[in-house]
Amino acid sequence: MEFDMRRMAAPDRYKILGSTITPRPIAWITSLSTEGRVNAAPYSFFNCMGHEPPILAIGMLRHPEDRFKDTPANILATGEFVVHLVSEAVAPQMNITCIDAPPGVDELALAGLDTLPSTAVRPPRIAAAPVAFECRLHTAVTTGPRQAIILGEVLVAHVRDDAILDAARHHVDTPALGLIGRMHGGGWYARTTDLFSIDRPSWADWAPEHPEAVARARPDAASGPED
């Protein structure tokens, strides 16, 4: 089935994207307003985009009332935020923080979440989250009316102590974090416990064992030089 995204209504485009680009990691973001009010909200249009410098990207969609949501408004105003990853253990609390609460409601208090002071930025971090990245706004790209991509540079990373295998070598026991990802519409999420591994191939080892595939991929080289 072909879908012409150019001719579709925005909610329908969202359904196609949100139902197919899965699983998506969840950025559980804390930020501060210019008045110092804490906001917490999850975003699943999110991923890492580099390490020199370390960059996280979050897609911020517009509020139904045709304005920026509190999180992007805070980030654009203050330039600071904290991105947390979500484990299954804290999924219920994360879900509460995406409630359509009226202005002035503290989502962290609503969900019964404690916070810890951050090291390099003003917004606090969620104590129960297994991973937290303290971020400074790197770039904001406006992609539509009240829609933006926020690029944040990671200044400090916090990883739960019991998930560190070797601190000196920066080895993390990723399965121990119990992270979840966002799936299709409604309230569907995925666990990261059903894993499989595929080694990345080396051309030097793989090509001699698969000459027919190499010939298909390089027909000119296979035919040899012209007379």
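In what order do the three strands of the open sheet lie? In this predicted model, select strands E1, E13 and E14: the order is E1-E13-E14, and the pairing is antiparallel.

**The three-stranded sheet**

Begin with the edges. Strand E1 (24-25) and strand E14 (189-191) are the edge strands, each of which pairs on one side only. Next, display E1 together with strand E13 (residues 180-182); these two pair in the antiparallel sense over two bridges. To locate the register, select Pro25, whose bridge partner in E13 is Gly181.

Now step back along the chain from E1 to the loop that separates helix H1 (10-20) from E1, where Pro23 is found. The peptide bond between Thr22 and Pro23 is cis, with omega of about -10 degrees. A second cis peptide bond can be selected at Glu52 and Pro53, where omega is about 0 degrees. Pro53 belongs to the loop between strand E4 (46-51) and E5.

**Helix H2 and its surroundings**

Select helix H2 (residues 70-78) and colour Thr71, Pro72, Asn74 and Ile75, which are buried. Why do these residues lie on the same side of H2? They lie on the same side because they cover an arc of only 160 degrees around the axis.

Extend the selection to the strands against which the buried residues of H2 pack: strand E2 (27-32), strand E3 (38-43), strand E5 (54-60), strand E6 (80-85), strand E9 (131-144) and strand E10 (147-159). Just after the helix, inspect Gly79, which takes a positive phi of about 75 degrees.

From here, move to Ser33, in the loop between E2 and E3. Is Ser33 buried or exposed? Ser33 has a relative accessible area of 8% and is buried. Leaving aside residues up to four places away in sequence, Ser33 touches Asn74 and Thr78. Asn74 is thus worth a second look, as one of the buried residues of H2.

**Strands E5, E9 and E10**

Select E10 and add its partners in turn. E5 runs antiparallel to E10, and six bridges join them; within this pairing, Gly59 stands opposite Ile149 in E10. E9 also runs antiparallel to E10, here with twelve bridges, and Leu137 stands opposite Gly152 in E10.

Follow E9 to the turn of the hairpin. Two residues lie between the strands, and Arg146 there takes a positive phi near 60 degrees. This is a positive value in a residue other than glycine. With a relative accessible area of 41%, Arg146 is partly exposed.

Another non-glycine residue with positive phi is His170, whose phi is near 60 degrees. Find His170 in the loop between strand E11 (164-166) and strand E12 (171-172). At 67% relative accessibility, His170 is exposed.

**The surface: a nonpolar patch**

Switch to a surface representation and select Ile96, Ile99 and Leu110. These residues form a nonpolar patch with about 250 Å² of accessible area together. Ile99 sits in the loop between helix H3 (91-96) and helix H4 (107-110), and its relative accessible area of 45% makes Ile99 partly exposed.

**Salt bridges**

How many salt bridges does the structure hold? The structure holds seven, and several can be visited in turn.

First, select Arg191 and Glu88, which form a salt bridge with the closest N and O atoms 2.9 Å apart. Arg191 lies in strand E14 and Glu88 in the loop between E6 and H3, so the pair ties together parts that are 103 residues apart in sequence. Arg191 is exposed, at a relative accessible area of 58%, whereas Glu88 is partly exposed, at 38%.

Next, select Arg37 and Glu35; the closest N and O atoms of this salt bridge are 3.9 Å apart. Glu35 is exposed, with a relative accessible area of 57%.

Then turn to Arg160 and Asp162, a salt bridge whose closest N and O atoms are 2.6 Å apart. Arg160 is partly exposed at 30% relative accessibility, while Asp162 is exposed at 55%. To end the tour, select Asp4, Arg6 and Arg7, which are joined into one network by salt bridges that share partners.

Note on methods:
Residues numbered from 1 in each chain as written. Predicted model: local features only at pLDDT ≥ 70, side-chain atom pairs only at ≥ 80, totals over all residues. Heavy atoms only, no water. Pairing = 2+ DSSP bridges. Helix = DSSP H or I, 4+ residues; strand = E, 2+ residues; numbered from the N terminus. Buried < 20%, exposed > 50% of the residue type's maximum accessible area, 1.4 Å probe, protein only. Arc of directions from axis to C-beta. Contact = heavy atoms within 4.5 Å. Patch = residues over 30% accessible without salt bridge, like charges linked within 9 Å, V, L, I, M, F, W, Y side chains within 5 Å. Areas by Shrake-Rupley, 256 points an atom, 1.4 Å probe, with all protein chains shown as cover. Salt bridge = Lys/Arg side-chain N within 4 Å of Asp/Glu carboxyl O.
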